[in-house]
Amino acid sequence: MKITVLGSGTSTGVPILSCPCEVCQSNESVNKRLRAAILLTGEKHVLIDTGPDLRAQMLRANVGALVGVLYTHYHFDHLDGLPDLRPFTFEKGAQLKCYANIQTHEVILSRYPYIRENAGYSNAPQLKLEILPGNEQDGYTAFTLAGLEIQPIRMVHIPKAGVLSTGFVVNRTFGYLTDFKEIHPHDEKYLFGLSVLYLGSPIDRPHFSHIQHSEALALIKKFKPKRGVIGHLSHQYSHSELTAMWQGVAEPAFDGMEILI
Ligand SMILES: [Zn+2]
Ligand SMILES: [Zn+2]
Ligand SMILES: [Zn+2]
């Protein structure tokens with residue numbers, strides 16, 4: 001399996017529009033962070049999230065065909081490139097399998113009602129949108145998508161607002177957990193000893209909806225993956241600063257990063 005980081009940035013992307021800071025003004029490509037998305041390539045391509053940079057990301061990664069999408073949650077930076085999935089279903093009868101938790105599923109259908117209509121008119125992407133198997137109370141069960149075994153992980157993103165997100169462990173070797181404050185304690189068992197654990201953590205100070213860097217590093221020490229990677233990065237630090245600070249524990253993600261497992 002190949003994992004490609006399509007976007008390593010937080011919700012604004014980096015550079016942040018109009019920001020004069022050193023990281024945003026950097027010319028180095030590793031400091032240019034599109035919105036969070038991951039491409040999983042086994043026999044075929046599967047996406048995690050479809051943020052507003054989707055079109056540019058799919059062109060850059062030269063993705064010719066796609067079979068499905070796993071959604072972490074419904075925030076703009078993870079969802080709102082969805083209409084750009086349409087060309088992947090131009091072929092007659094083509095349909096993308098999409099999975100989301102029940103909360104995200106509901107928001108996707110209210111924001112893009114034409115998916116439900118499934119009317120077959122030409123400008124609607126043909127998506128088969130499903131709720132993750134299992135449930136939020138008792139836990140999700142693993143399923144297979146394009147030959148990949150997917151185990152969803154229950155997480156809380158914004159505790160005060162009840163916003164939930166879903167992490168994914170793929171083939172029991174790659175864990176992708178972004179946009180969360182809490183991991184459901186019963187799902188921690190899926191996270192120990194992975195080949196790669198990728199966590200989303202934008203900044204190094206307390207945040208209402210994300211773990212901060214020190215918490216991400218502590219989780220990597222706890223779950224002991226062979227490689228720890230931290231993404232969903234803000235403009236607080238440059239790639240080289242993060243590399244130096246996290247040495248021996250984690251690597252900062254960057255757009256175009258490829259991991260083979
Ligand atoms: Zn996000
Ligand atoms: Zn900046
Ligand atoms: Zn979010």
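## A tour of two zinc sites and a helix

Begin by selecting the zinc ion (ligand 3) in this predicted model, whose protein donors are spaced along the chain in the pattern H-x1-H-x81-H-x21-D. Within that set, His 73 sits in the loop between strand E4 (68–70) and helix H2 (76–79), while Asp 179 sits in the loop between strand E12 (174–177) and strand E13 (182–183), so this pair ties together parts that are 106 residues apart in sequence.

Now show the side chains around the zinc ion (ligand 3): the donors are His 73 through NE2, His 75 through ND1, His 157 through NE2 and Asp 179 through OD, and they lie 2.2 to 2.3 Å from the ion. If you check the angles among the 4 donor atoms, you will find values of 91 to 173 degrees, and the site is irregular. Colour His 73 and Asp 179 next, because both count as buried, His 73 at 0% relative accessibility and Asp 179 at 2%.

Keep Asp 179 selected and add the zinc ion (ligand 1), since Asp 179 coordinates both this ion and the zinc ion (ligand 3), and the two ions are 3.5 Å apart. The donors of the zinc ion (ligand 1) are Asp 77 (OD), His 78 (NE2), Asp 179 (OD) and His 232 (NE2), at 2.1 to 2.2 Å, and along the chain they follow the spacing D-H-x100-D-x52-H. The 4 donor atoms here subtend angles of 92 to 160 degrees, and therefore this arrangement is irregular. Among these donors, Asp 77 is buried with a relative accessible area of 4%, and His 78 is buried with a value of 0%.

Move on to helix H5, residues 213–223, and select its buried residues, which are His 213, Ala 216, Leu 217, Leu 219, Ile 220 and Phe 223. Turn the view until you look down the axis of H5, where these buried residues fall within an arc of 160 degrees, so they line one face of the helix. To see what this face meets, display E13, strand E14 (196–200), strand E15 (227–231) and helix H6 (239–245), against which the buried residues of H5 pack. Just after H5 comes Lys 224, and its phi is positive, near 50 degrees.

For a last stop, select Cys 19 and Cys 98. Cys 19 counts as buried at 14% relative accessibility, and Cys 98 is buried as well, with a relative accessible area of 0%. How many disulfides does the structure hold? The count is 0.

How values were computed. Residues numbered from 1 in each chain as written. Chains lettered and ligands numbered in written order. Predicted model: local features only at pLDDT ≥ 70, side-chain atom pairs only at ≥ 80, totals over all residues. Heavy atoms only, no water. Donors = N, O, S within 2.8 Å, 3.2 Å for Na, K, Ca; no water. Tetrahedral: all angles 85-135°; square planar, octahedral: opposite > 155°, others 65-115°. Helix = DSSP H or I, 4+ residues; strand = E, 2+ residues; numbered from the N terminus. Buried < 20%, exposed > 50% of the residue type's maximum accessible area, 1.4 Å probe, protein only. Arc of directions from axis to C-beta. Contact = heavy atoms within 4.5 Å. Disulfide = S-S within 2.5 Å.
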